[in-house]
Amino acid sequence: MKSARAFLTSLSSLVLLSLILGLLAGAAAQKWGLPGGHVTADFIQALGQLWLNALRMTIIPLVFSLLVTGIASIADAARTGRLALRAVAWFGGLIVFATVYAVGAAYGLHALWPIDPEGARLLLAIKPEGAEGLSAGAPFSEFLKTIAPANPIRAAAEDAILGMVVFAVFFGFAASGLPDRLRTPLITFFEAVGETMIVIVRWVLRAAPLGVFALSIGVGLSAGASAAGVLLHYVALISIACIGIGLIFYPLAVIFGRVSLGRFARAAAPAQVVAFSTQSSLASLPVMVERAVDVLGVRRSTAGLVLPLAVAVFRITSPVANLGVAVYCAHLFGIEPSAGQLFAAMLTAVLISIGTVGLPGQASFFASIAPICIAMGVPLEMLPLLLAVEVVPDIFRTLGNVTADLAVVRIVQGGEAEGD
């Protein structure tokens with residue numbers, strides 16, 4: 001009884017329930033009319049937009065602060081020794097690999113299983129506000145100019161997200177090289193800013209059921225039952241992409257970790273069960289350490305360093321799922337990103353994956369995906385609805401992360417593992 005009550009009162013469940021009720025109410029209003037007509041519809045749409053704007057106002061300061069503190073933490077970890085440096089190098093290379101995979105998987109899945117054209121057409125009636133970013137027809141030379149902003153403050157004000165992200169990365173690396181008496185208060189300041197933004201995000205997310213309900217009524221009015229089909233299609237595509245990156249780490253562990261496929265599968269299975277049930281890499285950490293030592297033959301000292309570091313700064317499914325969401329929204333709104341926009345989104349996804357590790361699920365969804373959408377020139381209006389159905393993709397995000405963490409700890413130690 002207590003578990004059922006906790007489920008019904010959890011934010012994710014309330015948001016999902018609000019989405020369903022809003023779609024049903026909108027579909028009913030589409031058929032029988034809405035009391036008050038256009039005045040009521042405009043008021044409901046304004047409430048939803050107000051809630052979305054309250055989330056958007058935290059994106060720039062939150063992302064900048066998280067990137068600065070994330071880069072500083074990675075630099076500190078790399079300085080702790082050769083093993084940590086090797087692990088961080090593998091993390092970085094694999095995140096880049098996952099980002100390339102993400103684009104191929106997203107566009108490949110859409111080619112094999114495209115969005116229902118009728119459902120997309122009806123959802124386009126939302127009339128979203130376009131996200132600022134590099135225009136689709138801009139030449140690649142214009143993209144190069146956006147990498148380093150001439151005025152970082154203006155770039156942030158104009159949602160030139162890539163320039164702001166690049167400046168934050170440079171700022172973080174520069175700050176990590178300062179003497180302790182200067183670095184510590186500076187990093188502490190940005191940690192405080194980030195935590196303050198997270199508090200605001202949590203306040204706004206308390207109103208998520210109301211905000212999602214208001215937005216979903218508008219979707220139900222325009223799309224009716226077709227909206228449910230599009231959302232189920234979205235869940236399937238993002239989940240498949242996350243499952244794919246997780247499966248890739250089996251042969252990677254065999255090739256680079258020099259371990260048999262069956263042995264790695266036996267080591268990963270118990271941690272995957274915990275990940276599936278808790279949707280938390282941190283909750284899976286004790287099991288990962290145990291299996292890495294007992295089954296994979298990794299030294300306890302190596303597992304005790306690399307696995308907590310992986311949970312802290314390495315989340316392989318982040319660029320996969322986040323780029324998948326941005327590409328899905330682009331297809332939904334009929335937007336064809338240019339090569340420059342797509343490269344900007346990939347670079348943003350790599351850098352954002354560093355800063356948003358460890359955030360609460362709902363907060364990381366917006367903080368991770370909104371900058372990528374802005375870089376691609378994709379509207380943000382669909383993100384609250386996609387957040388409402390994120391429960392299922394989040395399971396496969398966590399499964400992929402846990403599988404990758406175990407593969408990396410074996411790869412970092414390599415053939416020196418005990419018992420080989």
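These legends go with close-up views of aromatic ring pairs in a predicted model.

**View 1. Trp90 meets Phe256, edge to face.** Across the model, the tally is 12 aromatic pairs. In this one, the ring centres of Trp90 and Phe256 sit 5.6 Å apart and the planes make an angle of 65°, so we call the pair edge-to-face, the cut-off for that label being over 60 degrees. Trp90 comes from helix α5 (residues 82-112) and Phe256 from helix α12 (residues 226-257), so this contact ties together parts that are 166 residues apart in sequence.

**View 2. How accessible are Trp90 and Phe256?** Trp90 has 26% relative accessibility and counts as partly exposed. Phe256 comes out at 42%, and is partly exposed too. Both values fall between the 20% limit for buried and the 50% limit for exposed, which means neither residue gets one of those labels.

**View 3. Phe167 and Phe171, a tilted pair.** Here the centres are 6.1 Å apart and the planes of Phe167 and Phe171 are at 55°, so this pair goes down as tilted. Both residues belong to helix α9 (residues 161-176), where they are four residues apart, or about one turn of the helix. As for accessibility, Phe167 is partly exposed at 32%, and Phe171 is partly exposed at 26%.

**View 4. The cluster around the tilted pair.** Which residues join Phe167 and Phe171 in one aromatic cluster? Phe64, Phe189 and Phe190 do, so pull those rings up alongside the helix α9 pair when you look at this view.

Methods
Residues numbered from 1 in each chain as written. Predicted model: local features only at pLDDT ≥ 70, side-chain atom pairs only at ≥ 80, totals over all residues. Heavy atoms only, no water. Phe/Tyr/Trp six-rings, centres within 6.5 Å; stacked < 30°, edge-to-face > 60°. Helix = DSSP H or I, 4+ residues; strand = E, 2+ residues; numbered from the N terminus. Buried < 20%, exposed > 50% of the residue type's maximum accessible area, 1.4 Å probe, protein only.
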